[in-house]
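Dear colleague,

I am handing over the structure below, and I would be glad if you could keep it open while you read. My notes on what was found in it follow directly after.

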Amino acid sequence: MNSSQMLYKISNLQHSIRMKKAEYARTVNAGDQHTMDLINADLALLKEDLIVTVKVFNSIPVHNFNNSFNGSKKTRWWQSLFNLRPAFHKK
C-alpha cells in the first residue's frame, strides 16, 4: 500500500471506531448487555487494527522531504545578451 492508501485506511478505521462508540452509547441506553459485549469486542479489534496501521504508516520512509523549487539552471538567450540572471538564482 502506498501512503495515500494507508491514510485512507487510517481515516476509515477512525470513522468506524467513532460509529461503534455511538452504537455502544445507544446500546447502553437500551440496556442490551449481549450487544454491548459484541460492540466492545469489535471496538477492541478496530483499535488494534488502527494501531498496527499507524505503525506501518509511520515506518514508511520519507523521500524528498525538501520539496523546495530549485528553478531552471539554463539561462535564456536574451538573459545572456543583457547579462541578466533569473530572480530565483540569487547566490
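**Ile-39 and its surroundings**

If neighbours within four places in sequence are set aside, the residues that Ile-39 contacts are Lys-20, Glu-23, Tyr-24 and Thr-27. Please bear in mind throughout that this is a predicted model. Ile-39 itself belongs to helix α2, and with a relative accessible area of 2% it is buried, since the cut-off for that class is under 20%. One of its partners, Lys-20, lies 19 residues away in sequence, while the C-alpha atoms of Ile-39 and Lys-20 are 6.7 Å apart in space.

**Overall make-up**

The protein has 3 helices and 0 strands, and the order of its elements from the N terminus on is α-α-α. Of its 91 residues, 16% count as buried, and the protein exposes about 7,700 Å², of which carbon and sulfur atoms supply 58%. Among contacts in the protein with a separation of 6 or more, 52% are between residues 24 or more positions apart.

**The nonpolar core**

Ile-39 also appears in the largest nonpolar core, which has 7 residues, the others being Ile-10, Leu-13, Ile-17, Leu-43, Leu-46 and Leu-50. Helices α1 and α2 each supply at least two residues of this core, and α2 gives the most to it, with 4 residues. As a matter of background, nonpolar side chains in soluble globular proteins tend to be buried together. Within this set, Leu-50 is in contact with Ile-10, Leu-13 and Ile-17, and also with Gln-14, again leaving aside neighbours within four places in sequence.

**Salt bridges around Lys-20**

Which residues are linked in a network of salt bridges? Lys-20, Glu-23 and Asp-42 are the residues linked in this way, and the structure holds 2 salt bridges. In one of them, the side chains of Lys-20 and Glu-23 meet at 3.7 Å, taken from N to O; the two residues are 3 apart in helix α1, which spans residues 3-30, and are therefore separated by about one helical turn. Glu-23 is partly exposed, its relative accessible area being 28%.

Lys-20 also forms a salt bridge with Asp-42, where the closest N and O atoms are 3.2 Å apart. Because Asp-42 lies in helix α2 (residues 33-58) and Lys-20 in helix α1, this pair ties together parts that are 22 residues apart in sequence. Asp-42 likewise counts as partly exposed, at 32% relative accessibility.

**Thr-27**

The last residue I would point out is Thr-27, which is found in helix α1 and, at 8% relative accessibility, counts as buried. Its side chain reaches the backbone oxygen of Glu-23 at 2.8 Å, and Glu-23 is also the residue whose side chain meets that of Lys-20 in a salt bridge. When residues up to four places away in sequence are not counted, Thr-27 touches Asp-32, Thr-35, Met-36 and Ile-39, which leads back to the starting point of these notes, where Thr-27 was listed among the contacts of Ile-39.

With best regards

Definitions and conventions
Residues numbered from 1 in each chain as written. Predicted model: local features only at pLDDT ≥ 70, side-chain atom pairs only at ≥ 80, totals over all residues. Heavy atoms only, no water. Salt bridge = Lys/Arg side-chain N within 4 Å of Asp/Glu carboxyl O. Buried < 20%, exposed > 50% of the residue type's maximum accessible area, 1.4 Å probe, protein only. Contact = heavy atoms within 4.5 Å. Areas by Shrake-Rupley, 256 points an atom, 1.4 Å probe, with all protein chains shown as cover. Polar contact = N/O pair within 3.5 Å; in protein donor to acceptor, adjacent residues only side chain to side chain. Core = buried A, V, L, I, M, F, W, Y, C linked by side-chain atoms within 4.5 Å.
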